[in-house]
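Work through the exercises below with the sequence and the model at hand. Each task is followed by a solution in steps.

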Amino acid sequence: MSEGNLFEAEDVQGLENVLTDTTIPAVTRRNLLSKAAVGTAAVGAFGALGPIPSALASSSTISTLINTAATLEALAVTFVSGVVENASKIGIASNLVPVLKAANAAEYDHYKALIKVGAKPMTTKFWAPNSVLASSDAVFATVEYVETQFINAYLIAVTAFAKAGMNSTARQAAEILGVEAEHRALARFAQNKLPDNLGFEVYKIKKIGGIIGALEAAGVGFGKQGKGPGAFYTYKKPSSSVLGTLSSNTPA
């Protein structure tokens, strides 16, 4: 169990196993599991979230999961918006700019959906290495790497939500995961790295804090300076000029 008495996904599963062997009514069991998952008295899928950790934590509690996910989506919108705004300077091919705008719109939809259910980004100030904006190849290599981490993050979320009995929420996380995988495929296409190279997604990192660690190892800074020369960028609501039009803007 993590600091602050918040349950990790494995803790929730253990509690579920114990409760299943008791005579406690199913409705009561579900309520107890929901409370354990968020570390407070939750209402509905996410409900009224309790106190949020002051720093990016490694425990896979529901509140930490959605807060970290919102942070990652804010990072994505900040990065892609900057790329679109400087596309000609970076050397992005004109036919790929609409692709980036559509991806940015999707990330912004993800961010808004998470905020709507109570997520609070841990930070909206990010350090990006100068190298990631050095060329079109560098941009799309970065997108491929970052999207791989995002996919892993949503695999963590799907696992935790499913173990907590939050079936609809698990499916919604999978809906986001599928879109992130599309973004990675497009980034691979932009680098001439097709065909696809996976039969199953890689579930390498099991704790949400590990996703932050992987991005920090690549030079990203979350509210602090990262490795190597770079600059700070702050999330802001994206203008329509950096967004594409999508046919689906909310989870099912």
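Two strands count as paired if DSSP finds at least two bridges between them. The model is a predicted one.

**Exercise 1. The sheet**

Task: Find the residue of β2 that stands opposite phenylalanine 126, and work out which strands stand at the edges of the sheet.

Solution:
- Step 1. β1 covers residues 125–129 and pairs with β2 in the antiparallel sense, over two bridges.
- Step 2. Opposite phenylalanine 126 stands phenylalanine 222 of β2.
- Step 3. The sheet is open and has three strands, in the order β2-β1-β3, with antiparallel pairing.
- Step 4. β2 (221–222) and β3 (230–234) each have a single partner strand, so they are the edge strands, and one side of each lacks a neighbour in the sheet.
- Step 5. Helix α3, residues 62–85, packs on this sheet and touches β1, β2 and β3. The direction of α3 makes about 55° with that of β1.

**Exercise 2. α3 and α8**

Task: Decide whether α3 and α8 are roughly parallel or roughly antiparallel, and classify the residues of their contact.

Solution:
- Step 1. The axes of α3 and α8 (residues 208–217) come within 10 Å and cross at roughly 25°.
- Step 2. Angles under 35 degrees count as roughly parallel, and α3 and α8 are therefore roughly parallel to each other.
- Step 3. Their crossing is left-handed.
- Step 4. α3 contributes Thr64, Leu65, Thr68, Leu72 and Leu75 to the contact, and α8 contributes Ile208, Ile211, Ile212 and Leu215.
- Step 5. By class, the contact of α3 with α8 holds seven nonpolar residues, two polar and no charged ones.

**Exercise 3. α3 and α6**

Task: Do the same for α3 and α6: are they roughly parallel or roughly antiparallel?

Solution:
- Step 1. The axes of α3 and α6 (residues 136–163) come within 11 Å and cross at roughly 160°.
- Step 2. Over 145 degrees counts as roughly antiparallel, so α3 is roughly antiparallel to α6.
- Step 3. α3 passes α6 in a left-handed crossing.
- Step 4. Among the residues in contact are Ile62, Ala69, Glu73 and Phe79 of α3, and Val139, Thr142, Phe150 and Tyr154 of α6.
- Step 5. The contact of α3 with α6 divides into 17 nonpolar residues, one polar and one charged.

**Exercise 4. Histidine 183**

Task: Is histidine 183 buried or exposed?

Solution:
- Step 1. Histidine 183 lies in helix α7, residues 167–190.
- Step 2. The relative accessible area of histidine 183 is 8%. Buried means under 20%, so histidine 183 is buried.
- Step 3. Leaving aside residues up to four places away in sequence, histidine 183 touches Ala103, Ala106, Glu107, Val143 and Glu147.

Terms used: Residues are numbered from 1 along each chain as its sequence is written. This is a predicted model: local features need pLDDT of at least 70, side-chain atom pairs count only at pLDDT 80 or more; totals for chains, interfaces and linings use all residues. Side-chain values use heavy atoms; hydrogens and water are left out. Helices (H or I, at least four residues) and strands (E, at least two) are DSSP runs, numbered from the N terminus. Contact means heavy atoms within 4.5 Å. Axes are lines fitted to C-alpha atoms, for helices over the stretch in contact, and angles run from 0 to 180 degrees between N-to-C directions. Angles under 35 degrees count as roughly parallel, over 145 as roughly antiparallel, 65 to 115 as roughly perpendicular and the rest as oblique. A crossing is left-handed if the near helix is turned anticlockwise from the far one by less than a right angle, and right-handed if clockwise. Ala, Val, Leu, Ile, Met, Phe, Trp, Tyr, Cys and Pro count as nonpolar, Asp, Glu, Lys and Arg as charged, and the others, Gly among them, as polar. Buried means under 20% relative accessible area, exposed over 50%, partly exposed in between (1.4 Å probe, protein chains only).
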